[in-house]
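Trainee: May I ask for a close look at one part of this protein? I should like to begin from a single residue and move outward to its surroundings.

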Amino acid sequence: MEVLKTKYVPLVRLQVVRERFLPYGQDKISSPEKVVKMVRRLLDGSDKECILAIPVDTKSKPLGIEFVAMGSVNCAYAFAREIYKHALISNATGVIIVHNHPSGEVMPSEQDWKFTREIQEAGDLLGVELLDHIIVGDEEKYFSMSETHRWEIREKYVSREKEAS
């Protein structure tokens, strides 16, 4: 009875499930303002930090919005695998990360910079570019790491971190 001793492995197939559609008004996302406008309704009123990932195609058309993490009042963390999972399944070429600060302030913490760097490095390995990390606060306030040309601060932070090691 050789058949009874046979080992089996499951045959799997990944599929994206679309829950609902959100209007974003354009054929592509061309600015952080458009991203903020698109996700503000999802984040307004939240008393916890939430991290969203928006994978985009080569023409900057969003392929979806995914909640990848929900944290506490002042922190949230997601591993790169959660950020890039939907991007890889949907054949995205880029990802935009958005998270909120329930305090209303939008200045990134050192942990925000470190998180962004980790996600960027993982994206570089996977061939999916991190296009921006946007922090959403009260009213119309937001902080775009790419728009404000503060990617250099990230580099300084990473350099400091390496010197301390």
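Where in the protein is the place of asparagine 91?

Mentor: Asparagine 91 sits in the loop between α2 and β3. Before going further, please note that this is a predicted model, in which local features need pLDDT of at least 70 and side-chain atom pairs count only at pLDDT 80 or more, while totals for chains, interfaces and linings use all residues. Residues are numbered from 1 along each chain as its sequence is written, and side-chain values use heavy atoms, with hydrogens and water left out.

Let us start with the residue itself. Asparagine 91 has a positive phi of about 60° although it is not a glycine, and this position comes just after α2. With a relative accessible area of 64%, asparagine 91 is exposed. In this vocabulary, buried means under 20% relative accessible area, exposed means over 50%, and partly exposed lies in between (1.4 Å probe, protein chains only). Glutamate 139 also has a positive phi without being a glycine, of about 45°. Glutamate 139 is found in the loop between β4 and β5 (142-144), and at 67% relative accessibility it is exposed.

On one side of the loop that holds asparagine 91 is helix α2 (residues 80-89), in which Ile83, Tyr84, His86 and Ala87 are buried. Seen down the axis of α2, these buried residues fall within an arc of 150°, so they line one face of the helix; the arc is that of the directions from the helix axis to the C-beta atoms. Helices (H or I, at least four residues) and strands (E, at least two) are DSSP runs, numbered from the N terminus. The cover over the buried residues of α2 includes β1 (50-56), β2 (66-70), β3 (94-100), α3 (110-126) and β4 (129-136).

Helix α2 also holds a salt bridge. The side chains of arginine 81 and glutamate 82 meet there at 3.7 Å, N to O, a salt bridge being a side-chain nitrogen of Lys or Arg within 4 Å of a carboxyl oxygen of Asp or Glu. Arginine 81 is exposed, at a relative accessible area of 59%, whereas glutamate 82 is partly exposed at 25%.

On the other side of the loop is β3, where 7 of its 7 residues are buried. Gly94, Ile96, Val98 and Asn100 point one way from β3, while Val95, Ile97 and His99 point the other way. Strand β3 has partners in β1 and β4, since two strands pair if DSSP finds at least two bridges between them. Strands β1 and β3 run antiparallel and are joined by 6 bridges; one of these pairings sets leucine 52 against valine 98 in β3. Strands β3 and β4 run parallel and are joined by 7 bridges, with isoleucine 96 opposite aspartate 132 in β4.

The end of β3 leads us to glutamate 49, in the loop between α1 and β1. At 5% relative accessibility, glutamate 49 is buried. Apart from neighbours within four places in sequence, its contacts include His99, Asn100, His101 and Pro102, contact meaning heavy atoms within 4.5 Å. Alanine 76 is 27 residues from glutamate 49 in sequence, yet the two are 5.6 Å apart in space, C-alpha to C-alpha.

The loop that follows β3 also has a charged link. A salt bridge of 3.7 Å, N to O, joins the side chains of lysine 141 and glutamate 105. Lysine 141 lies in the loop between β4 and β5 and glutamate 105 in the loop between β3 and α3, so the pair ties together parts that are 36 residues apart in sequence. Within α3, arginine 117 forms a salt bridge with glutamate 121, their closest N and O atoms being 3.1 Å apart. This pair is 4 residues apart, about one turn of the helix. Arginine 117 is buried at 18%, and glutamate 121 is partly exposed at 36%.

Finally, consider the whole. The protein has 4 helices and 5 strands, in the order α-β-β-α-β-α-β-β-α along the sequence. Of its 165 residues, 38% are buried.
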